[in-house]
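Okay, thanks for coming, everyone. Let me put the structure up, and then I'll walk you through it.

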Amino acid sequence: KMALTSLEGIGAPPGVHTLYLHNNSLVSFAGFQGMPGLRHLHAVDNHIECLLGLGGCPCLETVSLRGNPIASHPHYRTMVLCAVGKSLRTIDGATVRKGEA
């Protein structure tokens, strides 16, 4: 397990398309400055309880948050879609259906 506890100030050049944040101690995306070119975000097995700060990635197509407390929320998929937007194609490996978007 890694020790990353915050995304405060994390940003990347526009050329970064995939970000892996597996197995850390993140509780939210607060402080995340967004990445305009980011297409795939993998933050499996953290402690994420809140999607605050997940905006700012207008090209995001894939989000993987399995193994986080937020993933067990009854409205989890809807919450992710609201936080990310219409660019999202898959959540935790499952395709976003037309009725969800």
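So, to start: what percentage of the 101 residues in the chain is buried? It's 39%. And please keep in mind while you look at it that this is a predicted model.

Let's do the overall picture. The chain has five strands and one helix. If you read along the sequence, the order goes β-β-β-α-β-β. The radius of gyration is 12 Å, and the globule rule gives 13 Å for 101 residues, so the chain is as compact as a globular protein of that length. If you'd like a box to imagine, the C-alpha atoms fill one of roughly 35 × 30 × 20 Å along the principal axes.

What about the surface? The accessible surface of the chain is about 5400 Å², and carbon and sulfur atoms account for 59% of that. On the charge side, the chain has 8 positive and 6 negative charges, and their mean positions sit 10 Å apart. One more number for the whole chain: take the contacts between residues at least 6 apart in sequence, and 22% of those join residues at least 24 apart.

Now some individual residues. Let me begin with strand β3, which covers residues 62-64. T62 is in that strand, and S64 is too.

Is T62 buried or exposed? T62 counts as buried, because its relative accessibility is 15% and the cut-off for buried is under 20%. Setting aside neighbours within four places in sequence, T62 is in contact with R39, H40, L41, H42, L88 and T90. Strand β2 spans 40-42, if you want to find some of those partners on the screen.

S64 is buried as well, at 6% relative accessibility. Which residues does S64 touch, once we leave out neighbours within four places in sequence? Those are L41, H42, A43, V44 and D92. For a sense of distance, S64 and Q33 are 31 residues apart in sequence, and their C-alpha atoms are 19 Å apart in space.

D92 just came up as a partner of S64, so let's go there next. D92 is in the loop between β4, residues 90-91, and β5, residues 94-95. The backbone here is worth a look: D92 is not a glycine, yet its phi is positive, about 50°. D92 is buried, with a relative accessible area of 18%.

There's another residue with that kind of backbone angle. N23 has a phi near 55°, again a positive value in a residue other than glycine. Where is N23? N23 is in the loop between β1, residues 18-20, and β2. N23 has a relative accessible area of 35%, which makes it partly exposed.

On to the helix, α1, which runs 76-84. V80 is in that helix. How much relative accessible area does V80 have? It has 0%, so V80 is buried. Leaving out neighbours within four places in sequence, the contacts of V80 are L51, V63, L65, G85, L88 and I91. L88 was also among the contacts of T62. And for scale, V80 and P36 are 44 residues apart in sequence, with 17 Å between their C-alpha atoms.

After the helix, look at S87, in the loop between α1 and β4. S87 counts as buried at 17% relative accessibility. What lies 2.6 Å from a polar atom of the S87 side chain? That would be the backbone oxygen of L60. L60 is also in the contact list of S87, which, without neighbours within four places in sequence, reads C57, P58, C59, L60 and E61.

Last stop, towards the end of the chain. V96 is in the segment after β5. V96 is buried, with a relative accessible area of 13%. How far is V96 from T78, counting C-alpha to C-alpha? The two are 18 residues apart along the chain, and the separation in space is 9.9 Å.

To recap the places we visited: T62 and S64 in strand β3, D92 in the β4 to β5 loop, N23 in the β1 to β2 loop, V80 in helix α1, S87 in the loop between α1 and β4, and V96 after β5. That's what I had, so over to you.

Note on methods: Residues are numbered from 1 along each chain as its sequence is written. This is a predicted model: local features need pLDDT of at least 70, side-chain atom pairs count only at pLDDT 80 or more; totals for chains, interfaces and linings use all residues. Side-chain values use heavy atoms; hydrogens and water are left out. Helices (H or I, at least four residues) and strands (E, at least two) are DSSP runs, numbered from the N terminus. The radius of gyration is taken over C-alpha atoms; the globule rule is 2.2 Å times the number of residues to the power 0.38. Buried means under 20% relative accessible area, exposed over 50%, partly exposed in between (1.4 Å probe, protein chains only). Contact means heavy atoms within 4.5 Å. Accessible areas come from the Shrake-Rupley method with a 1.4 Å probe; for residues, only the protein chains shown count as cover. Lys and Arg count as positive and Asp and Glu as negative; His and the chain ends are not counted. The place of a charge is taken as NZ of Lys, CZ of Arg, CG of Asp or CD of Glu. A polar contact is a pair of N or O atoms within 3.5 Å; within protein, one must be able to donate a hydrogen and the other to accept it, and residues adjacent in sequence count only if both atoms are side-chain atoms.
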